[in-house]
Amino acid sequence: RDWERDAVHTIGLFLNGDAIGDLDRQGRRLRDDSFLLLVNSHFEDVDFLLPSRRYGAAWSLELSTALPDAEPGSTVQAARQAVPMPARSIKVFKRLPTDADKGA
């Protein structure tokens, strides 16, 4: 219902790769990358605030409809950083692993 309201034209969606819940053939828990999808369907630019470190300390830009030639991973942004979103655009960010994730 909120999406149809005139004042609401943006949405952010966190896709948690750690919460898949299925097991592989060896019985190990499946895990994948985590992504953040940002959508601005408004005719004006807006700023999104990335989520807190609880969701990820750093995020790499993987896809942007406003910057179609940008290389995946060419831009990295920290948690709680403002992300400018041009009008009618989509950006997809991938959560970067921390040292703890790498086993350091």
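Okay, let's start with a pair: Asp33 and Lys94 form a salt bridge, and their closest N and O atoms sit 4.0 Å apart. By salt bridge I mean a side-chain nitrogen of Lys or Arg within 4 Å of a carboxyl oxygen of Asp or Glu. This one links distant parts of the chain: Asp33 is in the loop between strand E1 (10-15) and strand E2 (35-40), Lys94 is in strand E7 (residues 89-95), and they are 61 residues apart.

Quick housekeeping. This is a predicted model, so local features need pLDDT of at least 70 and side-chain atom pairs count only at pLDDT 80 or more, while totals for chains, interfaces and linings use all residues. Residues are numbered from 1 along each chain as its sequence is written, and side-chain values use heavy atoms, with hydrogens and water left out.

Back to our pair: are the two ends buried or exposed? Neither, really: Asp33 is partly exposed at 39% relative accessibility, and Lys94 is partly exposed too, at 24%. The cut-offs are under 20% relative accessible area for buried, over 50% for exposed, and partly exposed in between, using a 1.4 Å probe and protein chains only.

How many salt bridges does the rule give? Two. Besides the pair I opened with, Arg28 bridges to Asp24, with the closest N and O atoms 2.9 Å apart. Asp24 comes out as partly exposed, at 23% relative accessibility.

Now the fold. There are zero helices and seven strands, so to speak a string of β-β-β-β-β-β-β from the N terminus on. These are DSSP runs numbered from the N terminus, where helices are H or I with at least four residues and strands are E with at least two.

On contacts, meaning heavy atoms within 4.5 Å: take those between residues at least 6 apart in sequence, and 62% of them join residues at least 24 apart.

What about the inside? Of the 104 residues in the chain, 24% are buried. The largest nonpolar core has nine residues: Leu36, Leu38, Phe48, Leu50, Trp59, Leu61, Val83, Met85 and Phe93. That kind of core is a set of buried Ala, Val, Leu, Ile, Met, Phe, Trp, Tyr and Cys residues joined through side-chain atoms within 4.5 Å. Two or more of its residues come from each of E2, strand E4 (58-64) and strand E6 (82-85).

Have a look at Met85 in that core. Leaving aside residues up to four places away in sequence, its contacts include Leu38, Phe48, Ile90 and Lys91.

Last stop, the aromatics. Searching the whole structure gives two aromatic pairs. In the pair of Phe14 and Tyr55, the ring centres are 5.1 Å apart and the planes are at 80°, so that's edge-to-face. Phe14 is in strand E1 and Tyr55 is in the loop between strand E3 (46-49) and E4, 41 residues apart. Phe14 is partly exposed at 24%, as is Tyr55 at 31%.

The other pair is Phe14 with Trp59, with centres 6.2 Å apart and planes at 85°, so edge-to-face again. Here strand E1 meets strand E4 across 45 residues. Trp59 is buried, with a relative accessible area of 0%. The rule for rings of Phe, Tyr and Trp (its six-membered ring) is centres within 6.5 Å, with planes under 30 degrees apart called stacked, over 60 edge-to-face and the rest tilted.

And Phe14, Tyr55 and Trp59 together form one aromatic cluster.
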